[in-house]
Amino acid sequence: MRGSQRLRRRMDIHSSVRFVRMFGVVTRSAQVLMAAVLLLVLSGCGGSRDDFIGARVQDVCKASWPVCNQFAGCILGPESYSEGRFPGHGQLLVQVKEASTIKVSFYLEEVRAAGEETSVTVHEEGCRARQRQASTGRAALDQMEKFGEFTREVDVTGVGDHLVEFESDMQALYVVKVDVTPLRIQ
């Protein structure tokens, strides 16, 4: 009897080890699957709104900053952003201390229609010159889907206040931010 009891114990030990191993494999697989799902949910596709905004503070753009014989609603720079709704237009002020590239970026959400055209116009200081960049509504959405944002970049040479105007007939909510990079460090 002792031999058969030993055999049963061995079998019990081995079967419990197999069960623990199987249970451990299932647990690890479940943990890996859960981590992958969590990572996918947290990262999202194409970047999230919070990633786009970063540590910037919202400016409601309800002020009146004089520029180019008109008024801009706010001054945007590396520490601020604003939001609004298309279709429509907006004006903002960008301050530049040296010849630079002004990058205007939009994060689009709740898009209902692409529209015909989205444009960004950047004026030199004193509105002595301007550069307008237009894109079809579909191209703007394609860029948003591919890169997580729709951007336009313009080089300016004047030092001072630059009026930036944007307009679109797209139906969407937007978040807009501006980045300024001096030309000397590009």
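This report walks through the fold, the aromatic rings, the pockets and a few single residues of a predicted model.

## Overall layout

The protein holds three helices and nine strands. Read from the N terminus, the order of elements is α-α-β-β-β-β-β-β-β-α-β-β. The chain has 186 residues, and buried residues make up 34% of them. Contacts often span long stretches of sequence. Among those between residues at least 6 apart, 71% join residues at least 24 apart.

## Aromatic rings

The structure contains eight aromatic pairs. One of them joins Phe106 and Tyr174. Their ring centres lie 5.9 Å apart, with 75° between the planes. That pair is edge-to-face, because the angle is over 60 degrees. Which parts of the chain does the pair link? Phe106 sits in strand E5, residues 100-113. Tyr174 sits in strand E9, residues 160-182. The two are 68 residues apart, so the pair links distant parts of the chain. Phe106 is buried, and Tyr174 is buried too.

Phe106 and Tyr174 also belong to a cluster. Ring pairs link them there with Phe86, Phe150 and Phe166.

Another ring, that of Phe52, has a charged partner. Lys177 lies over the face of Phe52, at 4.3 Å from the ring centre.

## Two pockets

The largest pocket has a volume of about 230 Å³. Its lining includes Ile75, Leu76, Gly77, Pro78 and Glu79. Gln95, Val96, Lys97, Glu98 and Ser100 line it as well. Val180 and Pro182 are also part of the lining. Strands E4 (80-96) and E9 are the elements that give two or more residues to this lining.

The second largest pocket holds about 190 Å³ of space. Its lining has 14 residues. Which of them lie nearest the centre of this pocket? They are Val60, Cys61, Ser82, Glu83 and Tyr174. Here too, the elements that give two or more residues are E4 and E9. E4 supplies the largest share, six residues.

The table sets out both pockets by volume and by class of lining residue.

| Pocket | Volume | Nonpolar | Polar | Charged |
|---|---|---|---|---|
| Largest pocket | about 230 Å³ | six residues | three residues | three residues |
| Second largest pocket | about 190 Å³ | six residues | six residues | two residues |

## A buried glutamate

Glu149 is found in the loop between helix H3 (137-147) and strand E8 (150-156). Is Glu149 buried or exposed? Its relative accessibility is 18%, so Glu149 counts as buried, the cut-off being under 20%. Neighbours within four places in sequence aside, Glu149 is in contact with seven residues named here: Phe52, Lys103, Ser105, Phe106, Gln143, Met144 and Lys177. Among these contacts are Phe52 and Lys177, the ring and the lysine that lies over its face. Phe106 is another of the contacts, and it is a member of the ring cluster.

## Around the cis bond in E4

The peptide bond from Phe86 to Pro87 is cis, with omega near 10°. Phe86 is a member of the ring cluster. Pro87 lies in strand E4.

Gly88 is in strand E4 as well. Gly88 counts as partly exposed because its relative accessibility is 23%. Gly88 and Glu167 are 79 residues apart along the chain, yet their C-alpha atoms are separated by 5.8 Å. Beyond its neighbours within four places in sequence, Gly88 is in contact with Phe166, Glu167 and Ser168. Phe166 belongs to the ring cluster too.

## Two positive phi angles

Cys61 is not a glycine, although its phi is positive, at about 55°. Cys61 is found in the loop between strand E1 (57-58) and strand E2 (65-67). Its relative accessible area is 23%, so Cys61 is partly exposed. Cys61 is also one of the residues nearest the centre of the second largest pocket.

Asn69 has a positive phi too, near 60°. Its place is in the loop between E2 and strand E3 (70-72). Is Asn69 buried or exposed? With 87% relative accessibility, Asn69 counts as exposed.

Note on methods. Residues are numbered from 1 along each chain as its sequence is written. This is a predicted model: local features need pLDDT of at least 70, side-chain atom pairs count only at pLDDT 80 or more; totals for chains, interfaces and linings use all residues. Side-chain values use heavy atoms; hydrogens and water are left out. Rings of Phe, Tyr and Trp (its six-membered ring) pair if their centres lie within 6.5 Å; planes under 30 degrees apart count as stacked, over 60 as edge-to-face and the rest as tilted. Helices (H or I, at least four residues) and strands (E, at least two) are DSSP runs, numbered from the N terminus. Buried means under 20% relative accessible area, exposed over 50%, partly exposed in between (1.4 Å probe, protein chains only). A charge sits over a ring if NZ of Lys or CZ of Arg is within 6 Å of the ring centre and within 35 degrees of the ring normal. On a 1 Å grid over the protein atoms alone, a cavity is a set of points where a 1.4 Å probe fits but cannot get out, and a pocket is an open set with protein on both sides within 12 Å along at least five of seven lines; lining residues have an atom within 4 Å of a point. Grid points are joined across faces, edges and corners, and a volume is the space filled by probe spheres set on the points. Ala, Val, Leu, Ile, Met, Phe, Trp, Tyr, Cys and Pro count as nonpolar, Asp, Glu, Lys and Arg as charged, and the others, Gly among them, as polar. Contact means heavy atoms within 4.5 Å.
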